[in-house]
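Colleague: I would like to learn how features of a structural model are read, one at a time. May we look at the structure together?

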Amino acid sequence: MTRDKSHMEFVERWAEHVKSVPRKKWKAEQTAFINAVFEKANSFYERLEKTKEGRVILERLREAREKD
Amino acid sequence: MERGISDRSVLDEFAEDFCRIAEKHVKYIVVSGYVAISHGRFRATEDIDMIIERVDFEKFNNFHQELDKAGFHCMQSTKVKDIYEYLEKGDGVRYVREGTLLPPEMEVKFAKDELDELQLKTRKKIPFTGLDIWFSSIEMNIAFKEELLKSPKDLEDARHLRKIYEGDINENFIEEIKRKIKKERLK
């Protein structure tokens with residue numbers, strides 16, 4: 001899989017930002033993003049838990065993760 | 001270490017809690033994606049990769065028992081002998097928080113060759129990250145990502161680390177590691 005040039009440019013711009021501000025600032029920005037990703041994933045799994053079909057999917061996911 | 005309560009992400013909390021226990025039982029390093037993330041790379045990950053020194057069963061059992069008491073659950077098995085066998089075969093074993101099979105998870109592997117031994121030998125705690133964790137060196141991570149792993153995500157991780165440490169990277173060491181990777185992992 002290839003990504004367009006703008007993706008790497010963002011990586012570089014973000015790294016420059018990280019270097020140019022105190023850790024407290026970039027850390028707060030990054031933490032908000034990472035925690036939001038996990039919250040979103042967890043709420044998706046919670047919604048799946050509420051339906052019969054969802055529980056079957058979750059069970060398959062768990063089995064796949066255990067075997068992986 | 002000066003730090004506010006809210007500046008640790010879900011990943012940081014998981015990693016530091018796990019590493020605090022690892023530190024008591026084995027020589028370990030955290031490698032790959034989480035190294036870049038702990039340096040500010042703007043992405044998440046489901047798994048954190050840890051390499052530990054090869055230890056005998058008794059030592060690993062002590063480590064595992066303490067993880068278990070602290071609420072870390074191994075996904076592949078609840079039997080420590082099975083888990084140890086996985087490690088001895090060269091497989092990774094994955095730990096998550098008890099009561100969930102959801103990420104984040106810690107994937108633990110035994111050091112498998114001279115390169116991993118070198119990673120353990122040159123491990124570092126890195127003040128830039130603000131984390132109390134042993135990491136494999138920046139040069140090692142860049143070399144592995146550029147020479148062995150090479151996915152777009154890995155190349156971006158390497159680029160991020162190169163930017164952060166611009167002018168402060170030992171390029172000769174990176175080249176030496178790349179030569180060793182070619183010899184030991186790409187033969």
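Colleague: How are α6(B) and α8(B) oriented to each other?

Modeller: The model is a predicted one. For a pair of helices, one considers the angle between their N-to-C directions. The axes of α6 (residues 138-149) and α8 (residues 171-184) of chain B cross at roughly 45° and come within 9 Å. An angle of that kind lies outside the ranges for roughly parallel, roughly antiparallel and roughly perpendicular, and α6(B) and α8(B) are therefore oblique to each other. The crossing in which α6(B) passes α8(B) is right-handed.

Colleague: Which residues of α6(B) and α8(B) meet?

Modeller: From α6(B) come Glu139(B), Met140(B), Ile142(B), Ala143(B), Phe144(B), Glu147(B) and Leu148(B). On the side of α8(B), they meet Phe173(B), Ile174(B), Ile177(B), Lys178(B), Ile181(B) and Lys182(B). By class, this contact of α6(B) with α8(B) holds 9 nonpolar and 4 charged residues, with no polar ones.

Colleague: Let us take another pair of helices. At roughly what angle do the axes of α1(B) and α3(B) cross?

Modeller: The axes of α1(B) and α3(B), the latter being residues 57-69, cross at roughly 155° and come within 9 Å. Angles over 145 degrees count as roughly antiparallel, and that makes α1(B) roughly antiparallel to α3(B). The crossing of α1(B) and α3(B) is right-handed. In α1(B), the contact is made by Ile21(B), Ala22(B) and His25(B); in α3(B), by Lys59(B), Asn62(B), Phe63(B), Glu66(B) and Leu67(B). These residues divide into 4 nonpolar, 2 polar and 2 charged.

Colleague: Turning to chain B as a whole, how many helices and strands does chain B have?

Modeller: Chain B has 8 helices and 7 strands. To judge the overall form, the radius of gyration is set against a rule for globules. For 187 residues, a compact globule would have a radius of gyration near 16 Å, and the 16 Å of chain B agrees with this. The C-alpha trace of chain B spans about 45 × 45 × 25 Å along its principal axes. Of the 187 residues, 37% count as buried. Among contacts in chain B with a separation of 6 or more, 60% join residues 24 or more positions apart.

Colleague: And what is the radius of gyration of chain A?

Modeller: Chain A has 3 helices and 0 strands, in the pattern α-α-α along the sequence. The radius of gyration of chain A is 18 Å, well over the 11 Å that the globule rule gives for 68 residues, so chain A is more spread out than a compact globule. Its C-alpha trace spans about 50 × 30 × 20 Å along the principal axes. Buried residues make up 12% of the 68 residues in chain A.

Colleague: How many residues does each chain bring to the contact between chain A and chain B?

Modeller: The size of an interface is often given as the accessible area lost when the parts come together. Here the residues are counted instead: 28 residues come from chain A and 19 residues from chain B. On the side of chain B that touches chain A, the elements giving two or more residues are α1 (10-25) and α7 (152-164). Of these, α7(B) gives the most, with 6 residues. The residues on this side of chain B comprise 9 nonpolar, 5 polar and 5 charged.

Colleague: I should also like to read backbone angles. What is the phi of Ser32(B)?

Modeller: Most residues other than glycine have a negative phi. Ser32(B), which is not a glycine, has a positive phi of about 70°. This serine is found in the loop between β1 (28-31) and α2 (33-38) of chain B. Lys150(B) also has a positive phi, near 60°, and lies in the loop between α6 and α7 of chain B.

Colleague: Is Ser32(B) buried or exposed?

Modeller: A residue is buried if 20 or more other C-beta atoms lie within 10 Å of its own, and exposed if 12 or fewer do. Ser32(B) has 23 C-beta neighbours inside 10 Å and so counts as buried. Lys150(B) has 12 other C-beta atoms within 10 Å and is therefore exposed.

Colleague: Where is Met75(B) found?

Modeller: Met75(B) is in the loop between β3 (72-74) and α4 (80-89) of chain B. With 18 other C-beta atoms within 10 Å, Met75(B) is partly exposed. Met75(B) and Val93(B) lie 18 residues apart in sequence, and their C-alpha atoms are 7.4 Å apart in space.

Notes. Residues numbered from 1 in each chain as written. Chains lettered and ligands numbered in written order. Predicted model: local features only at pLDDT ≥ 70, side-chain atom pairs only at ≥ 80, totals over all residues. Contact = placed C-beta atoms within 7 Å. Helix = DSSP H or I, 4+ residues; strand = E, 2+ residues; numbered from the N terminus. Nonpolar A, V, L, I, M, F, W, Y, C, P; charged D, E, K, R; others polar. Rg over C-alpha atoms; globule rule 2.2 N^0.38 Å. Axes fitted to C-alpha atoms, helices over the stretch in contact; angles between N-to-C directions. Parallel < 35°, antiparallel > 145°, perpendicular 65-115°, else oblique. Left-handed = near helix turned anticlockwise from the far one by under 90°.
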